[in-house]
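Open the model in your viewer and keep the selection tool at hand. The tour makes three stops.

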Amino acid sequence: MAVLAAAADVPFAVLPALLVVPAAGALLVAVLPRRRPELLKLVAVATSMVVAAMTVWLLVAFDVDRGADMQFEFRQSWIADLGIQWLLAVDGISLFLIVLTGLLFPIVLLAVDPGHDDRAYFAWMLLLEAGVIGVFCAMDLMVFFLCFEVVLVPMYFLIGRWGHANSAYAATKFFLFTMAGSALMLIGILALAFLHADATGGNLTFDLVELAEAQSLGTTTARWVFLSFALAFAVKVPIFPLHTWLPDAHTEAPTGGSVILAGVLLKLGTYGFLRFGLYLFPEASHFFAPVFLTLGLVGIIYGAVVATMQRDLKRLVAYSSVAHLGFIVLGTFALNTEGIEGGLLQMVNHGVSTAALFLLVGMIYERRHTRRIDELGGLQKAAPVLAAVFTLVMLSSIGLPGLNGFVGEFLVLVGTFNAHRWLAVAATGGVVLAALYLLWAYQRVFHGPAEGGNAEMPDLKLREGLVLAPLLVLIVAMGVYPKPVIERMEPSVDALVAHIEIHVDGFHEPTSRFGADIGVGEGGDDAGDDH
Amino acid sequence: MPPLVTPEVIWWALLPLLVLSGGGFLLLTIASLVRRLPEALPQAWTVATGLVVLIATVPMWDRVQSDGPRSFLGGMVAVDGSTVLVTAILAMAVVATALLARPYLRREDLPGVELYVLLLMSAAGGVVMASADDLIVLFLGLEILSIAVYVLAALHLRRIESQEAALKYFVLGAFASAFLLYGIALIYGATGSTRMARISGHLASTVLVQDGMLLAGIALLLVGLAFKVAAVPFHAWTPDVYQGAPSPVVAWMAAGVKTAGFAAMLRVLVVTLGTHASDWRPAVAVLAAASMVVGAWVAVLQTDVKRMLAYSSIAHAGFILLGVQAASERGTSAVYVYLFVYTLLATGSFAVITTVAGRGDAAHGLGAYRGLARRQPVLAGAFTVLLLGQAGVPFTGGFVAKLGVLAAAVEGRTYWVAMVAMAAAAVAAFVYLRILVAMYLEDPAPDTDDRYEVPTGTRLVIGAACAGVLLIGLVPGFLLDIASDAVPVLVGG
C-alpha cells in the first residue's frame with residue numbers, strides 16, 4: 001500500500017498515456033506487415049489490455065479521501081492563441097466511466113472478429129477508445145469538444161463497413177444527427193469563453209473548473225448557452241424525441257460496434273449533462289430541469305412500450321437503452337445526491353449489462369443468422385448455459401434486487417421521489433414494463449419448442465464464456481456490494497450538488513433526510529409558516 | 001534643374017514578383033525559340049520557380065518581422081507580414097499545380113508550355129494583389145491573375161466544356177472587374193485618393209457629411225471581390241467553370257485565386273476601410289451566410305464529385321468571409337489560417353479528382369469512386385483524410401481553420417452567422433460522407449475494376465497535403481503564430 005500511496009502522490013502521466021497508448025496502438029496496427037495478419041488482433045488486444053490495466057491502476061490509486069478533487073491532473077498548453085490546453089483529470093464522476101471503457105474494449109476485441117478488413121477494424125476500434133477516454137478525462141471544454149466530435153469518425157466507419165445490410169444509411173444518420181446536434185455546442189463553448197474573458201478581463205480560457213467556479217455569465221445568456229450544450233448531449237444520450245438514430249445505428253452496427261455504442265458512447269451524453277450541464281450552468285439546469293425530467297420520463301415509458309413491440313431482438317435491446325437512459329436523465333435532473341449518484345451508477349450498470357446483452361445477441365446471431373424473435377425459440381434446450389447467462393444479464397437489466405441494475409434504479413427513484421414524487425411514481429411503471437418486454441422476449445426466444453436449426457444451436461464456447469465472465473462478475477458484485485463504487489462517487493456528487501445549491505438562489509437539495517420539506521420546494525415552507 | 005527623384009525601390013520585397021513573372025517570360029521565350037524542348041523542362045522550371053519563391057519568403061518574413069512593414073515605389077506597393085504569407089501560399093499552390101499538370105497534359109495529349117507560363121503569370125498577379133498599396137495596383141494584379149486564369153480554363157482544346165467554362169468565366173469575370181473598377185472610381189471620388197493609406201487616413205480624420213458615394217464605392221468593390229472569391233450570390237460561374245476547366249487548373253482556382261482574392265479583400269475592407277466596418281460588416285456577414293447555406297445545400301444535390309467540391313468551395317468561401325466580417329485582428333489571422341489549410345485541402349482533393357477522372361477528364365460521377373477503398377486503399381485513405389479535413393473533423397487542419405473563423409465571429413458577437421455556419425457545416429458533412437460511402441461501403445461498378453495510375457507528382461501533392469492537414473490538426477500552434485504576425489498594416493500615406 002505504501003507503494004501505491006507514493007504512486008498517487010507522484011503519478012506518472014497516466015491520463016495522457018490513456019490517450020496516447022490506444023492511438024499509438026492504432027498506428028501500429030495500421031503499419032503492421034501485410035504478411036502477418038494474425039498479429040493484428042494480438043496487437044489490438046494487447047494494447048487494449050494495457051489500457052485496461054492502466055484504468056484499473058487508476059481505480060486503485062484514486063484517493064478516496066480526496067474524492068471530490070480532480071486527481072491525476074495533467075496540464076499542457078496546446079493552442080496558446082486561444083488558450084486551449086490539454087487539461088486532463090479524473091474525479092469520482094468520471095472514474096468509473098473510464099474504468100468501464102478500459103474494461104469493455106478488450107472484451108469486445110476478444111469476443112468479436114470483424115470478419116473482413118481486420119486491419120482497419122482494429123485501428124478504428126483503438127482510435128475510438130482513445131477518443132472516448134479523451135471525452136471522459138478532458139477538463140478543457142475545447143479538448144472535450146474535439147474528443148466528443150472525433151469519436152464519430154471511427155464509429156461511422158465501424159457501423160458502415162462492418163455492419164449489417166442497411167448499415168450505410170444507419171452510419172450516415174448517426175454521423176449527421178450527432179454532428180448536427182453538437183454543432184451549436186461549439187458556438188456555446190466559444191461564447192462562454194469569450195464572455196468569461198470579457199467579464200473577468202483575463203485571457204481566453206476553456207478551463208472547465210475556472211469557468212464553472214466563476215459563473216460569470218448573466219442568467220439569460222447562461223440559459224441560452226446551456227441550451228446549446230443540452231442539444232448536443234440530448235442527441236447523444238439520446239433523449240426522446242431525438243433518439244431516432246439510435247435504433248438504426250444499434251441494429252445495423254456489428255456486434256462490436258453495438259457493444260461499444262451502448263456500453264460507452266451512450267454515456268457521453270449523460271456524462272456531458274453532469275459534467276458540463278449541471279456544473280457549468282447550475283441555474284440554467286435547475287431552470288430547465290422540468291423539461292428534461294419530463295422528457296426522461298417520456299423516454300422511459302416510450303422506450304419500454306416500443307421495445308415491447310419489437311420483432312428484432314437487437315432492436316429490442318436498443319429501445320430498452322432509450323428507456324434506461326431515460327432513468328439516468330431523470331436521476332440527473334432530480335438535482336439531489338441520490339438521483340445523480342443513481343444516474344451515475346446506472347450509467348456504469350447499463351454499460352455492463354447492455355454490453356453483455358449485445359454480446360449475447362451477437363452470439364445468437366452468429367449461430368442462427370437471424371435476430372428475428374419469431375424465428376428463434378426453444379434455445380434453452382440446445383444451449384442451457386447461454387440461456388442461464390442471458391437470464392442473469394436480463395435480470396440485471398430489469399433491475400432485480402441483488403444485481404447491479406437494482407442499486408442504480410433504486411437510487412434514481414429515491415432521488416426523483418424526494419424531488420418530484422409523482423414523476424417517480426410514473427417512472428416506476430417503466431420498471432414494470434422493462435420486466436414485461438425482457439421477460440416476454442426471453443420467453444419467446446428461449447422457451448417453447450425448438451424447431452429446425454434452433455434445436456441444434458451450439459452452446460456457449462469456453463472462449464465466449466471467459467469473455468463474458470468479467471461482465472457477469474461485475475453484475476453480481478456491484479449488486480451485492482456497491483459500496484466501493486458509491487464511496488468513490490459520492491464526494492464528487494456531493495460537491496456537485498453543493499455547487500448547484502451555492503449558485504442557484506433559493507435552491508436547496510430536495511431531500512427527505514431532514515424531515516418535512518419533501519418535494520416541491522416552497523410548498524413545504526408555506527405549510528410550515530401556517531402553524 | 002532639380003535632380004530627377006525616382007521612387008524608392010525595395011528590391012528584396014519585389015523578389016517573388018520578379019522571379020514569378022521573370023520565370024514565366026523566360027519560359028515563354030525559351031519555348032518559342034527552342035524547337036524541341038525536353039518534355040520535363042517546363043514543369044521542372046515552374047516547380048523550381050515556385051520553390052525559389054517559397055524559400056525566398058523565409059528571409060523576407062524575418063526581415064518584415066524585424067524591420068516592420070514598408071511601403072515603396074511611391075506608395076504603390078507595400079510589403080508586410082500578410083504579403084509574405086500570401087506569397088508563400090501562392091507559391092505552394094503553384095508548385096502543387098505544376099506537379100499535377102504534367103501527368104494531366106500527357107494523359108490528355110495536350111501541348112505543354114502554355115499552362116506553366118500562364119500559371120506563373122497568374123501567380124505573379126496574385127502576388128501583386130497581396131502587396132498592393134494602391135487600389136489601381138490591386139486592380140492591375142487582379143486583371144493579370146484573372147486573364148491568365150481565363151485562358152487556363154480553356155486549355156483543354158478538345159473538351160467543349162472547357163471552352164464553355166472559359167467563356168463563361170471570362171464574360172462574368174470582365175463584368176465583375178468593371179464593378180470593381182467603378183467602385184475604385186467612386187472611392188477615389190469620395191476620398192480623393194486611390195492609395196490605401198491615404199484613403200484610410202482621410203476616412204479616419206474626416207467625417208463625411210454625405211457618404212453615399214463612398215458607400216456605393218464600397219458596395220461595388222465588394223461585388224467585384226465577392227465574384228473573384230465565388231461568394232453567393234456572385235457564385236453562378238463556379239460550378240460550371242470548375243466542372244469544365246482542366247482539373248489541375250481547378251486546383252489553382254480553388255487554392256490560388258481564392259487566396260489572392262481574400263488577401264485583396266482583407267487589404268481593402270478590413271485595413272483600408274476599417275473605419276467604416278459598421279457599414280460593410282453586415283453585408284459581408286450576409287454574403288458569408290448565403291455562401292455557406294447555398295454552397296452546402298446545393299452540394300448535397302449534386303451527383304458529380306467535381307461539382308460537389310465546387311459547391312463546397314463556395315461554402316468554404318462563406319466560412320472565410322466569416323473571418324472577414326469579424327473585422328478584427330483575430331478574424332484576419334483566422335482568414336490566413338483558413339486560406340493556408342484550404343490550399344492544402346483543395347490541391348490535395350483536386351489531385352485525387354484529377355487521377356480518378358481518367359483520360360478525357362470526364363469520370364467525375366460518384367460511380368467512379370465506388371469501391372475505391374477496395375481497389376486502392378491508400379488513395380481512398382488519403383482522400384478520406386482530405387474530405388474529413390474539409391468537413392472540419394477535429395484533429396485535422398480543417399477544424400483548426402473553422403475554429404479560428406468561428407472564434408472570430410463569436411468574439412465579434414455575430415452569433416447568428418456563427419450558428420448558420422455550424423448548421424451549414426453539418427449539412428456539408430453529408431456531402432463528404434456521400435463520397436466516403438461510395439468509396440468504402442459500395443462495391444465497385446463492374447466496369448471500373450482497373451486501378452488508377454497515380455503519377456509521382458500527384459503522389460507528392462496528395463501526400464504533402466494529407467501530412468500538412470494532419471500536422472496542422474495536431475500541432476496548430478506554429479501556423480496560428482505565423483498568421484497572427486501576418487495581420488496587414490498600412491504604412492506611408
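Helices here are DSSP runs of H or I with at least four residues, numbered from the N terminus. The model is predicted.

**Stop 1: Tyr338(B)**

Select Tyr338(B), in helix α13 (residues 329-357) of chain B. Is Tyr338(B) buried or exposed? The cut-off for buried is 20 or more other C-beta atoms within 10 Å. Tyr338(B) has 29 C-beta neighbours inside 10 Å, so this residue counts as buried.

Now show its contacts, leaving out residues up to four places away in sequence. Tyr338(B) touches Phe319(B), Ile320(B) and Gly323(B). It also touches Ala401(B), Gly404(B) and Val405(B).

Next, draw a distance to Val385(B). Tyr338(B) and Val385(B) are 47 residues apart along the chain, and 17 Å separates their C-alpha atoms.

**Stop 2: where chain B meets chain A**

Select the residues of each chain that contact the other. You should get 25 residues of chain B and 24 residues of chain A. On the chain B side, colour α16 (397-411), α17 (415-441) and α19 (477-485); each supplies at least two residues. Which helix gives the most? That is α17(B), with 13 residues. Then colour this side of chain B by class: 22 residues are nonpolar, two are polar and one is charged.

**Stop 3: α4(A)**

Move to chain A and select helix α4, residues 92-111. Of its 20 residues, 18 are buried, so that α4(A) is mostly covered.

Check the length too. At 1.5 Å a residue, the helix should span 28 Å. The end C-alpha atoms are 29 Å apart, which agrees.

Methods. Residues numbered from 1 in each chain as written. Chains lettered and ligands numbered in written order. Predicted model: local features only at pLDDT ≥ 70, side-chain atom pairs only at ≥ 80, totals over all residues. Contact = placed C-beta atoms within 7 Å. Nonpolar A, V, L, I, M, F, W, Y, C, P; charged D, E, K, R; others polar. Expected span 1.5 Å × (residues − 1). Buried ≥ 20, exposed ≤ 12 C-beta atoms within 10 Å, placed from the backbone.
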